[in-house]
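Colleague: Could you take me through the aromatic pairs in this predicted model? I would like a close look at how the rings sit against each other.

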Amino acid sequence: MGDPRLRTCPSPRKLGFAWLEVTGFCNESCDHCYADSGPKGTHGIMTVSDWQRVIDEFAAIGGRDVQFIGGEPTLYPHLARLIGHAHGAGLGIEVFSNMTVIRDPLWEAFKSYGVKLATSYYSDDATEHDKVTNLRGAHKMTRANIRKAVELGIPIRGGVVAVSTQQRVREAVTDLQEIGVDHVGGDRTRAFGRASKGATPSVNDLCGHCALGQVAIGPDGAVWPCVLGRFITLGNVRTTPLTEVWNSPRTIDARAEIAAAHGLKPAQSCTPPQFLPSCGPCGPCVPSVAHCDPREADSQLATATIGAPA
């Protein structure tokens, strides 16, 4: 039985993409983490069966792609099992990882099930990168595993999030490209989670395309319009089928509120190039460092040129 508080009503929107935040635990503790995850985080209360049911519900209503996130998803003990289940449901799969700890069974799952990878990279300088992640040796481990993914032929994209004005952003982009990462994008820090420094989250700092064809599901089953919009709860898949949450008046109202705050053009007008650590399944456009803001599409096309072809 679904939650009676969530009345369903017709919606023209199709749900094609879902972020599955399988854990809030992470071995890094970045000061700008939108999810406020870290070593004190947990795997939440969603069971493996819960996640498998949600994956099946998502596929049944026409879902196409999922991205496993965290926290650090590779530290979730049942990730390989969920990847296999998503593959069996016919879904495209991406894992967003800090690429510090990937054990052999996961590498095998990545190769066997056609998984794509995505990661954040902050600098070509190890000291600067480690300072951002608050994990000594993070740069060495991340860079080595990025290289391994490239060598294994596993598709991987990289994102450089600008967290300080003196950060070696351009050098980080160049380093990723030299390793063999074909798709590199960037974004600014957004005021969510620890990056908010206590400020109340606002829809104005979202890109504006939340819940247009995607949702995020957290470790406790909460459904959000996107991973950054976790302050907007649409429902909970532990008590309500995903299709009911997606088609509920609550979701439709939240979608309208976000769109109104941004005065949005159609979703396909989203600023290229865009790359949030949460973005998907959109492929980054030309490799560059910019930020996704539909209201600045014209100016960004002219100025986002790092690594762009001549």
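Modeller: Happy to. Let's begin with Phe17, which is buried, its relative accessible area being 4%. Trp19 is buried as well, with a relative accessible area of 5%; both values fall below the 20% under which a residue counts as buried. Keep in mind that this is a predicted model. The structure holds 2 aromatic pairs, and Phe17 and Trp19 form one of them: their ring centres are 5.0 Å apart and their planes stand at 90°, so the pair is edge-to-face. The reasoning here is simple, because centres within 6.5 Å make a pair and planes over 60 degrees apart make it edge-to-face.

Trp107 and Phe110 can be read in just that way. Their ring centres lie 5.9 Å apart with the planes at 80°, so this pair, too, is edge-to-face. If you trace the chain, you will find both residues in helix 3, which covers residues 104–112. Trp107 and Phe110 are 3 residues apart there, about one turn of the helix. As for exposure, Trp107 has 3% relative accessibility and counts as buried, while Phe110, at 1%, is buried too.

While you have rings on the screen, have a look at Trp246 as well. Here the partner is a charged side chain: Arg255 lies over the face of Trp246, 4.9 Å from the ring centre. That distance is within the 6 Å used for a charge over a ring.

Terms used:
Residues numbered from 1 in each chain as written. Predicted model: local features only at pLDDT ≥ 70, side-chain atom pairs only at ≥ 80, totals over all residues. Heavy atoms only, no water. Phe/Tyr/Trp six-rings, centres within 6.5 Å; stacked < 30°, edge-to-face > 60°. Buried < 20%, exposed > 50% of the residue type's maximum accessible area, 1.4 Å probe, protein only. Helix = DSSP H or I, 4+ residues; strand = E, 2+ residues; numbered from the N terminus. Lys NZ or Arg CZ within 6 Å of the ring centre and 35° of its normal.
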